[in-house]
Amino acid sequence: MTNKNIEIIVFGRVQGVGFRYSTKKVADKMNLNGFVQNLRDGSVLIHVNGETSIVDEFVSKIKDSPTSYGRVDNIKITNINEIHDKGFIIK
């Protein structure tokens, strides 16, 4: 079982639409660790870690926007070394 730690920056209509709350619900259901927070430029930052296949599935769900009010135009994924092990939080 290999783990994956990534940073995702999500661009689109992702603030003021329940995106962070919906992202947390998805991550909690999948038992992933990390956080989600709004950035000043209107994008959303997500750090997530867990089993590789589950993280990949999480990314697919985020690409489709976890909230029907949101719209994801683009995402940028970077591998990171930072490990979160206290559940998934909204910052």
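This report walks through the sheet and the two helices packed on it in a predicted model.

## The sheet

Let's start with the strands. Five of them make an open sheet, and reading across it gives the order β4-β1-β3-β2-β5, with mixed pairing. At the edges lie β4 (71-79) and β5 (88-90), each of which has a pairing partner on one side only. From one strand to the next, the twist averages 20°.

A general point helps here: strands in a sheet pair through backbone hydrogen bonds, either parallel or antiparallel. Look at β1 (residues 3-13) and β3 (residues 44-51), which pair in the antiparallel sense over 8 bridges. Within this pair you can find Ile6 opposite Val48 of β3.

## Two helices on the sheet

Helix α2 (residues 52-63) packs on the sheet, where it touches β1, β3 and β4. The direction of α2 makes about 150° with that of β3.

Helix α1 (residues 19-29) lies across β1, β2 (33-38), β3, β4 and β5. Relative to β5, α1 runs at about 170°.

## The two faces of α1

Which residues of α1 are buried? They are Phe19, Ser22, Thr23, Val26 and Ala27. Viewed down the axis of α1, these buried residues fall within an arc of 135°, so they line one face of the helix. The general pattern is that an α-helix has 3.6 residues a turn, so residues three or four places apart point the same way.

The buried residues of α1 pack against β1, β2, β3, α2, β4 and β5. On the face turned away from that buried side, you will see the exposed residues Tyr21 and Lys29. After α1 comes Asn31, with a positive phi near 55°.

Key:
Residues numbered from 1 in each chain as written. Predicted model: local features only at pLDDT ≥ 70, side-chain atom pairs only at ≥ 80, totals over all residues. Heavy atoms only, no water. Pairing = 2+ DSSP bridges. Helix = DSSP H or I, 4+ residues; strand = E, 2+ residues; numbered from the N terminus. Axes fitted to C-alpha atoms, helices over the stretch in contact; angles between N-to-C directions. Contact = heavy atoms within 4.5 Å. Buried < 20%, exposed > 50% of the residue type's maximum accessible area, 1.4 Å probe, protein only. Arc of directions from axis to C-beta.
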